[in-house]
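User: Got a minute to walk through this one with me? I'd like to go over side-chain contacts, then the surface and the overall make-up.

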Amino acid sequence: MKAITKPRPKIKFRLFLSIILLLILLNLPFVSAKIKNLFYSVSLPLQKNFWSSGSDTAVFFKTIVNYKKLAEENRNLELKIKELLLLNYEVFDLRKENKILRKALDLGLETEFQLISAEVTGRYINSDAIFINKGSKSGVVKGSPAVTEEKMLVGKVNEVYDNFSKVLLLSDRSMVFNVEVVKAEGSFDEIVPGIINGAGNFQLELKLIPKEKEIEEGDSTITSVLGGIFPKGLYVGSVKEVKGVDIEPFWQIKIQPGVDINNLNKVFLLTNPQ
Amino acid sequence: MIIIVFVAVILFYILTLIQTSFLAHFPSFSVFPNLTIFAVLLINLLEKKQGYYGLLSSLIGGFFLDIFSGSMFVGFYMIIFLFLSLFIKFILKSNVQIAMF
């Protein structure tokens, strides 16, 4: 490979000037959005393939790594199935009743919100955010909550382009919203309000829970209507670790997000949250 | 020159796509491998002292990272990589000689 000859001072100055002009041009709001949208649109087929093959490969290696644990896990699951079968008989009547009530109250996700289905195509570099393949042309608006089909909260739309959007994950450091802590057994006797704060790297922290309140590992957190950012009743995650420092009046709680980003392929955007 | 720019654009585009889509599933200690920085560093370290492919790769690699990083300011990585490249060149020219092969 032949090296390019060393440019003269005049050419150096022109080069420097053109880089500055290029940066100014790239940062004009209209130009920046158009360029990003163009690149995201062109990259869509490749990104989709890379994302799904990456997901498959990760699962394959995970299976190999956890091979030894599989037999034990299988035994535990068989026991769990037997327990669940017994439980199934007990809840049969409740399910029937629940179905009737649901029908009466119209509690389905699709009747609560207007949904836009979108596919995850990639993850942003150096931030807890993902690309989705729907943008303003499909009716996506900034601030729309993104959920999975199981009503688990993924994040909210932060930037909208013509054909793409950026969804900020709950674990992003700028995310702060109100939640309610529900006991692991599902008892709704005492609901404890708290605040979830994104800690980066797919980690969540639960804050402002006084030490008088009993919080245990496995307790669930669901969104509350207080903050006004997300609609009520969306699952956020479960309590992973509870720590207490003597001089602080609040617990230090780590939350395991309900959504596993590695297995996330599809999200639903709620465009008119109640 | 045009062919080299074209090859560099394709190379860094593919590397950035792999990084955002494929390698996003393989975090090691919550850190995702950054192929673009790796490639820029490698080109800068391996090329001749008088060569300018390192600077070119810094600009192109930085541009793609800016596009796919979601940062508000497009040019952040371009500037960082450019300075990194100039710094490597300065070090290689004045103080250090890397023995290859």
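**Salt bridges, rings and surface**

Analyst: Sure. In chain B, a salt bridge joins the side chains of B:Glu47 and B:Lys89, at 2.4 Å from N to O. Keep in mind that this is a predicted model.

User: Where do B:Glu47 and B:Lys89 sit in chain B?

Analyst: B:Glu47 is in the loop between helix H2 (35–46) and helix H3 (53–69), while B:Lys89 belongs to helix H4 (residues 76–94), so the bridge ties together parts that are 42 residues apart in sequence.

User: And is B:Lys89 buried or exposed?

Analyst: Buried: its relative accessibility is 9%, and the cut-off for that class is under 20%. B:Glu47 counts as buried as well, at 14%.

User: OK, how many salt bridges does the structure hold over all chains?

Analyst: There are 7. One of them pairs A:Lys34 with A:Asp162, at 3.1 Å from N to O. That pair links distant parts of chain A: A:Lys34 is in helix H2 and A:Asp162 is in the loop between E4 and E5, 128 residues apart.

User: What about the accessibility of A:Lys34?

Analyst: A:Lys34 has a relative accessible area of 41%, so it is partly exposed. A:Asp162 is at 23%, which also makes it partly exposed.

User: Got another one from chain A?

Analyst: A:Glu241 and A:Lys243 form a salt bridge, with their closest N and O atoms 3.6 Å apart. Both ends are partly exposed: A:Glu241 is at 28% relative accessibility and A:Lys243 at 46%.

User: Switching to rings. How many aromatic pairs turn up over all chains?

Analyst: A search of the whole structure gives 15. Take A:Phe39 and B:Tyr13: the ring centres are 6.3 Å apart and the planes make 55 degrees, so this pair is tilted. The pair crosses between chains, going from helix H2 (residues 29–65) of chain A to helix H1 (residues 2–22) of chain B.

User: Why tilted and not edge-to-face?

Analyst: Because edge-to-face needs planes over 60 degrees apart, and the A:Phe39 and B:Tyr13 planes are at 55 degrees. As for burial, A:Phe39 counts as buried at 18% relative accessibility, and B:Tyr13 is buried at 12%.

User: Which rings of chain A are edge-to-face, then?

Analyst: A:Tyr40 and A:Tyr161, for instance: with centres 5.7 Å apart and planes at 75 degrees, the pair is edge-to-face. The pair links parts of chain A that are 121 residues apart, with A:Tyr40 in helix H2 and A:Tyr161 in the loop between strand E4 (153–160) and strand E5 (165–169). Both A:Tyr40 and A:Tyr161 are buried.

User: What cluster do the ring pairs make around A:Tyr40?

Analyst: Ring pairs join A:Tyr40, A:Tyr124, A:Phe131, A:Tyr161, A:Phe164 and B:Phe68 into a cluster. A:Tyr124 also has A:Lys166 over its face, at 5.0 Å from the ring centre.

User: Nice. On to the surface: which residues make the nonpolar patch of about 610 Å²?

Analyst: The patch is made by A:Phe13, A:Phe16, A:Leu17, A:Ile20, A:Leu21 and A:Ile24. One of these, A:Leu17, lies in helix H1 (residues 9–26) of chain A and is partly exposed at 42% relative accessibility.

User: And chain A overall, how many helices and strands?

Analyst: It has 4 helices and 12 strands. Of its 274 residues, 34% count as buried. Chain A exposes about 16900 Å², and carbon and sulfur atoms supply 59% of that area.

User: What share of the chain A contacts is long-range in sequence, say residues at least 24 apart?

Analyst: It's 58%, taken among contacts between residues at least 6 apart in sequence.

User: Last one: which residue has a positive phi although it is not a glycine?

Analyst: A:Leu208, with a phi of about 60 degrees. A:Leu208 lies in the loop between strand E8 (203–207) and strand E9 (220–223) of chain A. With a relative accessible area of 44%, A:Leu208 is partly exposed.

Definitions and conventions: Residues numbered from 1 in each chain as written. Chains lettered and ligands numbered in written order. Predicted model: local features only at pLDDT ≥ 70, side-chain atom pairs only at ≥ 80, totals over all residues. Heavy atoms only, no water. Patch = residues over 30% accessible without salt bridge, like charges linked within 9 Å, V, L, I, M, F, W, Y side chains within 5 Å. Areas by Shrake-Rupley, 256 points an atom, 1.4 Å probe, with all protein chains shown as cover. Salt bridge = Lys/Arg side-chain N within 4 Å of Asp/Glu carboxyl O. Helix = DSSP H or I, 4+ residues; strand = E, 2+ residues; numbered from the N terminus. Buried < 20%, exposed > 50% of the residue type's maximum accessible area, 1.4 Å probe, protein only. Phe/Tyr/Trp six-rings, centres within 6.5 Å; stacked < 30°, edge-to-face > 60°. Lys NZ or Arg CZ within 6 Å of the ring centre and 35° of its normal. Contact = heavy atoms within 4.5 Å.
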